[in-house]
Amino acid sequence: MKILVIGSGGREHALAKKFMESPQVEEVFVAPGNSGMEKDGIQIVDISELSNDKLVKFAQNQNIGLTFVGPETALMNGVVDAFRVESVSYTHLTLPTKR
């Protein structure tokens, strides 16, 4: 499975590292990520956490199986709504929508 983590902080870094330890995970991408993540072999994606359309398109193009949203700003910006509208996979947790 391919995983997309949205965010760039320590929480997202720690989660991405843990996801990478799973034998079920092929690749882990973090958008926008940070330079420290690259040192740990995490694939950084140059997309802002507030660019919903680009995040959705990336997830579709990469066949992402799970998306984890870290920052509250992305949630408030409606990223979950954008993923649901396009029927793109997102985390199995109940996440707040912009509405």
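In this predicted model, Phe-29 has a relative accessibility of 5% and therefore counts as buried, the cut-off for that class being under 20%. Phe-58 reaches 14% relative accessibility, and because this value also lies under 20%, Phe-58 counts as buried as well. A search of the whole structure yields one aromatic pair, and that pair is formed by Phe-29 and Phe-58, whose rings meet edge-to-face with 5.2 Å from centre to centre and 80 degrees between the planes. The pair links distant parts of the chain, since Phe-29 belongs to strand β2 (residues 27–32) whereas Phe-58 belongs to helix α3 (residues 52–62), the two residues being 29 residues apart.

Strand β2, which supplies one ring of this pair, also takes part in pairing with two other strands. With strand β1 (residues 2–7), β2 pairs in the parallel sense over six bridges, and within this arrangement Lys-2 stands opposite Glu-27 of β2. The connection between these strands involves helix α1 (residues 10–21), so that β1, α1 and β2 together make a β-α-β unit, which is right-handed. With strand β3 (residues 43–44), β2 again pairs in the parallel sense, here over two bridges, and Val-30 has Ile-44 in β3 as its bridge partner. In a regular strand, side chains alternate between the two faces of the sheet.

Two features of the backbone may be set beside this description. The peptide bond that joins Ala-31 and Pro-32 is cis, with omega at about 0 degrees, and Pro-32 has its place in strand β2. Asn-63, although not a glycine, has a positive phi of about 55 degrees; this residue is found in the loop between α3 and β4 (66–69). At 64% relative accessibility Asn-63 counts as exposed, because the value is over 50%.

For the protein as a whole, five helices and four strands are assigned, and along the sequence these elements follow the pattern β-α-β-α-β-α-β-α-α. Of the 99 residues in the protein, 44% are buried, a class that includes Phe-29 and Phe-58. Among contacts with a separation of 6 or more, 58% are accounted for by residues 24 or more positions apart. The accessible surface of the protein comes to about 5600 Å², and carbon and sulfur atoms contribute 50% of that surface.

Key: Residues numbered from 1 in each chain as written. Predicted model: local features only at pLDDT ≥ 70, side-chain atom pairs only at ≥ 80, totals over all residues. Heavy atoms only, no water. Phe/Tyr/Trp six-rings, centres within 6.5 Å; stacked < 30°, edge-to-face > 60°. Buried < 20%, exposed > 50% of the residue type's maximum accessible area, 1.4 Å probe, protein only. Pairing = 2+ DSSP bridges. Right-handed = clockwise from strand over helix to strand, strands pointing away. Contact = heavy atoms within 4.5 Å. Areas by Shrake-Rupley, 256 points an atom, 1.4 Å probe, with all protein chains shown as cover.
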